[in-house]
2 protein chains.
Amino acid sequence: MRNYAPSPSLRGTTMDTVQVGKGLPALAVDVGGTNIKAGFVHENGEIEKVVILPTPPGKNKAPGVIDTIVELSDNLAESGRSARVGSVLIPGVVNDRKGIGVHSENLGWDNVPFADILTERLGYPVSVTHDVRGSGIAEYQLGYAHRFDNVVVLTIGTGIAGAIFINRQLIDGDGFAGEIGHIPVFGSNGPLCVCGQAGCLETVASAAAVAREYQRLSGIKVMGGKEVIDLALSGDTLAARIWDRATLGLAKCISQLCSIIAPEAILFAGGFSGAGDTLLNPVSEKLDSILTFQRRPEIGCSKLGAKAGLVGAALQTRTLAERLGL
Amino acid sequence: MRNYAPSPSLRGTTMDTVQVGKGLPALAVDVGGTNIKAGFVHENGEIEKVVILPTPPGKNKAPGVIDTIVELSDNLAESGRSARVGSVLIPGVVNDRKGIGVHSENLGWDNVPFADILTERLGYPVSVTHDVRGSGIAEYQLGYAHRFDNVVVLTIGTGIAGAIFINRQLIDGDGFAGEIGHIPVFGSNGPLCVCGQAGCLETVASAAAVAREYQRLSGIKVMGGKEVIDLALSGDTLAARIWDRATLGLAKCISQLCSIIAPEAILFAGGFSGAGDTLLNPVSEKLDSILTFQRRPEIGCSKLGAKAGLVGAALQTRTLAERLGL
């Protein structure tokens with residue numbers, strides 16, 4: 001059986017500054033379940049991080065998200081930064097081609113034509129892309145993923161999903177592929193998921209789930225999943241147990257990807273990717289104990305880290321402008 | 001949530017006669033865990049089914065398999081049917097490009113260069129391909145699968161594996177992809193699998209597993225999984241319970257494929273595919289009860305049925321001859 005040592009080169013620190021190609025001034029937005037990150041892409045390709053806002057409350061968050069983006073664009077224009085093209089990444093099931101938010105449990109929407117609505121409200125063309133595929137494209141074009149023909153960029157945030165590259169092509173299953181957070185890893189007795197199934201990876205290993213579980217069992221409020229990792233490192237046994245379960249879930253899920261599509265590498269992106277060895281070591285050890293005949297993928301952290309979404313959105317503004325001949 | 005009715009067109013009967021293109025007289029062999037099927041491909045493309053032999057006994061079955069194929073070829077030549085090119089399908093992890101049997105638990109081999117050995121022993125060029133990918137290619141070129149851009153041909157026999165087509169391309173993960181039989185569907189308390197893991201789909205839903213489980217619990221010897229299906233249909237409650245568990249396992253596994261690669265269709269091939277509605281109805285019902293937001297694939301049976309392997313091998317002889325300019 002082959003056994004690859006995790007590549008040290010996939011454990012490097014994240015990039016401080018990232019540039020995309022030259023092009024029109026653009027608005028880049030990454031809508032998450034917890035917050036909305038926005039950046040302004042200058043003509044020279046520099047991405048200026050503008051603001052992080054909390055995702056609006058309410059069951060169906062689509063109207064609030066749209067209003068927030070319109071306000072952001074207006075404020076930027078007032079400060080002399082007028083975008084002429086935009087790209088917004090959103091979570092859930094997304095039809096990238098048509099720019100439709102097909103479904104999001106976490107954000108409570110169904111079949112919202114975001115691209116059309118935003119293009120009209122903002123007065124310039126806007127593309128809408130699945131957040132995780134957008135981040136994955138960034139990692140593939142500017143990060144570590146381009147080294148591999150077959151690689152999964154697995155983003156862990158409020159939810160978990162993956163950008164799957166096979167033979168160097170991103171596969172999207174008409175918007176339905178990559179929902180890796182909804183692989184059941186702890187049988188049907190596991191925690192109930194927002195999707196309606198039980199035991200999904202997302203219920204034990206997302207940043208939100210790790211934080212929620214710690215708060216539920218300890219009664220102590222934490223700021224997010226990263227704080228639980230820090231607690232685990234500092235010797236908190238409850239935090240360590242929750243982190244152990246999260247990394248076991250990730251290893252189980254990766255083993256299934258190995259049996260089905262046999263990627264050469266898995267790169268973690270999103271909030272947890274900054275955890276480095278604290279994430280990679282337990283996942284690698286557990287994966288080694290699960291895999292038998294399967295190909296052992298390299299396991300690493302995304303080069304772009306939590307920035308991947310914004311960089312992906314910035315790249316998408318260049319793609320859109322090119323497609324429209326702007 | 002969308003809900004596609006299973007397409008009646010995917011429930012048709014299997015083909016009686018199948019032809020591949022014109023070409024050299026050829027030997028086509030499909031090596032399974034239970035038996036070896038061999039056919040002679042005439043110059044006009046007609047596939048003449050020659051013989052079905054039991055797979056040789058012994059821990060490492062590679063030498064016996066090779067000797068059997070050589071004997072077959074010699075016997076054919078004596079009867080005036082001299083092959084000038086050959087193709088052999090084998091199970092396990094297979095490097096199709098190099099014709100190497102990388103690993104097979106069921107047949108007990110590791111890193112056997114079958115293509116090189118057989119080319120030398122037979123005196124004509126022989127390609128070696130993963131059995132399930134070979135069957136999948138046949139179904140894609142001559143069966144129902146070609147209607148879909150994204151489809152999985154799931155072959156159930158001694159083991160279970162799939163040929164995964166994404167954007168009309170067969171993906172092989174350097175030989176490691178498609179090992180769908182080793183997705184755990186009943187948690188780690190499930191039956192131990194030959195692969196070393198527990199609870200794999202293959203341990204509850206392969207034709208061999210269904211037969212084995214019935215024999216174990218009833219003490220009654222059955223000829224194979226199909227006999228258990230017939231018993232279930234005739235009112236045998238034990239057989240019905242085992243079949244129920246097998247189809248639940250298949251539905252669970254398909255739901256995971258839906259979350260990861262979101263195929264438009266799943267086509268069953270191999271021995272069980274002749275079961276038609278007895279297979280399709282329970283799998284479809286269970287899948288409907290599991291899926292929530294995922295795209296519901298069409299579920300059908302392969303057009304080529306149990307013949308897919310031999311047809312796939314016959315097609316591969318044409319591909320090999322073309323590649324070599326013969």
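How many bridges join β1(A) to strand β2 of chain A, and do the two strands run parallel or antiparallel? Keep that in mind as you start. The model is predicted.

**Stop 1: strand β1 of chain A**

Select residues 26-31 of chain A, which make up strand β1. The strand is mostly covered, with six of its six residues buried. Buried here means under 20% relative accessible area.

Now show the side chains. In a regular strand, side chains alternate between the two faces of the sheet. A:A26, A:A28 and A:D30 point one way from β1(A). A:L27, A:V29 and A:V31 point the other way. Both sets are buried, A:D30 included.

**Stop 2: the neighbours of β1(A)**

Add residues 35-41 of chain A, strand β2. Here is the reply to the opening question: six bridges join β1(A) to β2(A), and the two run antiparallel. To check one of the pairings, pick A:L27 and look across to A:F40, its bridge partner in β2(A). Then trace the chain from β1(A) to β2(A). A hairpin makes the link, through three residues.

Next, select residues 85-90 of chain A, strand β4. This strand pairs with β1(A) in the parallel sense, over five bridges. Pick A:D30 for an example: its bridge partner in β4(A) is A:L89.

**Stop 3: a sheet in chain B**

Move to chain B. Select β5 (93-95) and β7 (109-112), then add β6, residues 100-104. Together they form an open sheet of three strands in the order β5-β6-β7, with antiparallel pairing. β5(B) and β7(B) are the edge strands, each pairing on one side only. From one strand to the next, the twist averages 15°.

Zoom in on β5(B) and β6(B). Three bridges hold this antiparallel pair. Click B:N95 and find B:I100, its bridge partner in β6(B).

**Stop 4: two helices in chain B**

Stay in chain B. Select helix α1, residues 62-78, and helix α2, residues 114-122. How are their axes arranged? The helices pack at an angle of about 35°, and their axes lie 10 Å apart. Their crossing is right-handed.

Show the side chains where the helices meet. On the α1(B) side, select B:A62, B:I66, B:D67, B:I69, B:V70 and B:S73. On the α2(B) side, select B:F114, B:I117, B:L118, B:R121 and B:L122. Colour them by type: the contact divides into eight nonpolar residues, one polar and two charged.

Technical notes. Residues are numbered from 1 along each chain as its sequence is written. Chains are lettered from A and ligands numbered from 1 in the order in which they are written. This is a predicted model: local features need pLDDT of at least 70, side-chain atom pairs count only at pLDDT 80 or more; totals for chains, interfaces and linings use all residues. Side-chain values use heavy atoms; hydrogens and water are left out. Axes are lines fitted to C-alpha atoms, for helices over the stretch in contact, and angles run from 0 to 180 degrees between N-to-C directions. Helices (H or I, at least four residues) and strands (E, at least two) are DSSP runs, numbered from the N terminus. A crossing is left-handed if the near helix is turned anticlockwise from the far one by less than a right angle, and right-handed if clockwise. Contact means heavy atoms within 4.5 Å. Ala, Val, Leu, Ile, Met, Phe, Trp, Tyr, Cys and Pro count as nonpolar, Asp, Glu, Lys and Arg as charged, and the others, Gly among them, as polar. Buried means under 20% relative accessible area, exposed over 50%, partly exposed in between (1.4 Å probe, protein chains only). Two strands pair if DSSP finds at least two bridges between them.
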